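Colleague: Could you take me through this model slowly, as you would for someone in a first year of study, and give the reasoning behind each answer?

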Amino acid sequence: FAEEQLEILTLLANMAAVKITNARLLEAEQGRARLAQELTTATRIQQGLLPVSPPPVPGYALDGFLETCYEVGGDLYDFRVRADGKVVFLVGDVSGKGMGAALLMSSFLSSARVLYETCTDLAEFARRLNDVMFRSSDESRFVTAFIGCLDPATGQVEYVNGGHNAPLLVSGGAIREIEATGVPFGILEDAPYVSGRFEMPPGALLAVFSDGIPEAQHGDAFFEDARLQSLLQDPAAPSDVAALRERIVGDVLAFVGDSPRSDDITLLLVRRENATA
């Protein structure tokens with residue numbers, strides 16, 4: 001080729017390279033837009049699965065809050081008043097992050113809702129829920145969850161804690177941790193679950209939360225359980241559960257500051273009113 005021909009070929013090659021690059025950029029942008037739309041849809045569906053508001057229970061105040069770390073998350077909470085008047089509530093945390101955790105969260109919550117009315121024995125409820133999770137997830141996925149069943153007439157709470165953070169019961173200035181009674185759901189095929197019991201006397205407060213609160217991180221420091229316990233035991237803490245939740249979540253977010261969030265935050269509060277209320 002002559003020098004003039006080579007110059008023309010180089011010019012044409014450069015033009016073709018620009019066109020190819022632009023086409024690839026357009027394809028990548030369309031892919032990002034499609035993914036963003038799918039995530040928006042998934043976020044809307046997942047938020048729609050959660051309770052719109054806690055049910056009214058005479059003599060009690062309930063509140064639930066969930067804020068995901070990313071567009072979709074693996075945390076969940078739920079309330080249900082059964083036909084016999086007892087209140088079932090749960091908080092769960094799926095291992096991992098992203099879409100896989102969100103899908104398992106949806107499966108766990110849907111399975112639990114099927115069992116609310118058909119399985120009143122809480123230990124059997126947990127065993128059947130574990131069986132569903134074991135069959136529908138791989139060995140790297142599991143769900144920690146606290147399931148409680150409150151009898152409003154007596155204040156008695158039957159519960160199963162499947163490897164979840166120990167909820168905190170505050171009563172008379174004292175605080176008690178509700179320890180695990182079984183392993184996380186989905187780990188063992190025939191995992192044994194037993195239920196425990198405790199009483200919520202008038203004025204008592206129960207806080208059930210995911211590890212996104214005590215493990216909230218700023219630099220190398222963690223929020224930790226002790227800080228949460230201090231907020232719950234504070235004599236100046238709001239008696240209104242919604243206001244108390246706002247204070248706790250606000251403290252967590254203020255502690256994290258400009259550090260990147262690494263986990264979902266979920267908090268469920270149940271307060272029994274004083275006898276004079």
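What follows is a set of questions and answers on this predicted model.

Colleague: Which residues touch the most other members of the largest nonpolar core?

Modeller: In soluble globular proteins, nonpolar side chains tend to be buried together. The largest nonpolar core here has 48 residues, and apart from it lies another core, of 23 residues, which includes Leu205, Leu232, Ile265 and Leu269. Within the core of 48 residues, the members that touch the most others are Phe89, Phe108, Phe125, Phe185 and Phe198.

Colleague: Which helix gives the most to this core?

Modeller: One of the residues that touch the most other members of the largest core is Phe108, and the number 108 falls within the run of residues 98-118 that makes up helix H2. That helix contributes eight residues to the core, and the element that gives the most is therefore helix H2.

Colleague: Leaving aside its neighbours within four places in sequence, which residues is Phe185 in contact with?

Modeller: A contact here requires heavy atoms within 4.5 Å, and neighbours within four places in sequence are set aside for Phe185. On that basis, the partners of Phe185 are Phe108, Ala126, Leu129, Asn130, Met133, Phe142, Val143, Ala145, Ile147, Gly162 and Tyr193.

Colleague: Is Leu11 buried or exposed?

Modeller: Leu11 is found in helix H1, which covers residues 3-49, and Leu11 belongs to a nonpolar patch on the surface together with Phe1, Leu6, Ile8, Leu9, Leu12 and Met15. The members of this patch have about 750 Å² of accessible area together. The relative accessible area of Leu11 itself is 52%, and a residue with over 50% counts as exposed, so the word for Leu11 is exposed.

Colleague: How many disulfides does a search of the whole structure find?

Modeller: A disulfide is a covalent bond between the sulfur atoms of two cysteines. The cysteine sulfur closest to that of Cys119 is in Cys149, 11 Å away, and this is too far for a bond. Both residues are buried, Cys119 with a relative accessible area of 5% and Cys149 with 6%. Over the whole structure, the number of disulfides found is zero.

Colleague: Which residue meets Glu67 in a salt bridge, side chain to side chain?

Modeller: Side chains of opposite charge can pair when their charged atoms come close. Glu67 lies in strand S1 (residues 60-67), while its partner lies in the loop between helix H5 (241-256) and strand S12 (265-272), and the pair links distant parts of the chain, 194 residues apart. Glu67 is partly exposed at 28% relative accessibility, and the partner is partly exposed at 23%. The N to O distance is 2.9 Å, and the partner of Glu67 is Arg261.

Colleague: How far apart are the closest N and O atoms of Asp131 and Arg135?

Modeller: Asp131 and Arg135 both lie in helix H3 (residues 122-136), four residues apart, which is about one turn of the helix. Asp131 is partly exposed, with a relative accessible area of 28%, whereas Arg135 is exposed, with 61%. The two form a salt bridge, and the distance between their closest N and O atoms is 3.1 Å.

Colleague: Which residue forms a salt bridge with Asp234?

Modeller: Asp234 lies in the loop between helix H4 (224-233) and H5, and its partner lies in helix H5, so the pair ties together parts that are 13 residues apart in sequence. Asp234 is partly exposed, with a relative accessible area of 24%, and the partner is also partly exposed, with 28%. The closest N and O atoms are 2.7 Å apart, and the partner of Asp234 is Arg247.

Colleague: Which residue has a positive phi although it is not a glycine?

Modeller: The residue in question has its place in helix H4 and is partly exposed, with a relative accessible area of 46%. Its phi is about 70 degrees, and its name is Glu224.

Colleague: How far apart in space are Thr118 and Ser259, C-alpha to C-alpha?

Modeller: Thr118 is in helix H2 and is exposed, with a relative accessible area of 55%. In sequence, Thr118 and Ser259 are 141 residues apart, and in space the C-alpha to C-alpha distance between them is 45 Å.

Methods: Residues are numbered from 1 along each chain as its sequence is written. This is a predicted model: local features need pLDDT of at least 70, side-chain atom pairs count only at pLDDT 80 or more; totals for chains, interfaces and linings use all residues. Side-chain values use heavy atoms; hydrogens and water are left out. A nonpolar core is a set of buried Ala, Val, Leu, Ile, Met, Phe, Trp, Tyr and Cys residues joined through side-chain atoms within 4.5 Å. Buried means under 20% relative accessible area, exposed over 50%, partly exposed in between (1.4 Å probe, protein chains only). Helices (H or I, at least four residues) and strands (E, at least two) are DSSP runs, numbered from the N terminus. Patches are made of residues with over 30% relative accessible area and no salt bridge: like charges are joined within 9 Å, nonpolar side chains (Val, Leu, Ile, Met, Phe, Trp, Tyr) within 5 Å. Accessible areas come from the Shrake-Rupley method with a 1.4 Å probe; for residues, only the protein chains shown count as cover. A salt bridge is a side-chain nitrogen of Lys or Arg within 4 Å of a carboxyl oxygen of Asp or Glu. A disulfide is a pair of cysteine sulfur atoms within 2.5 Å.
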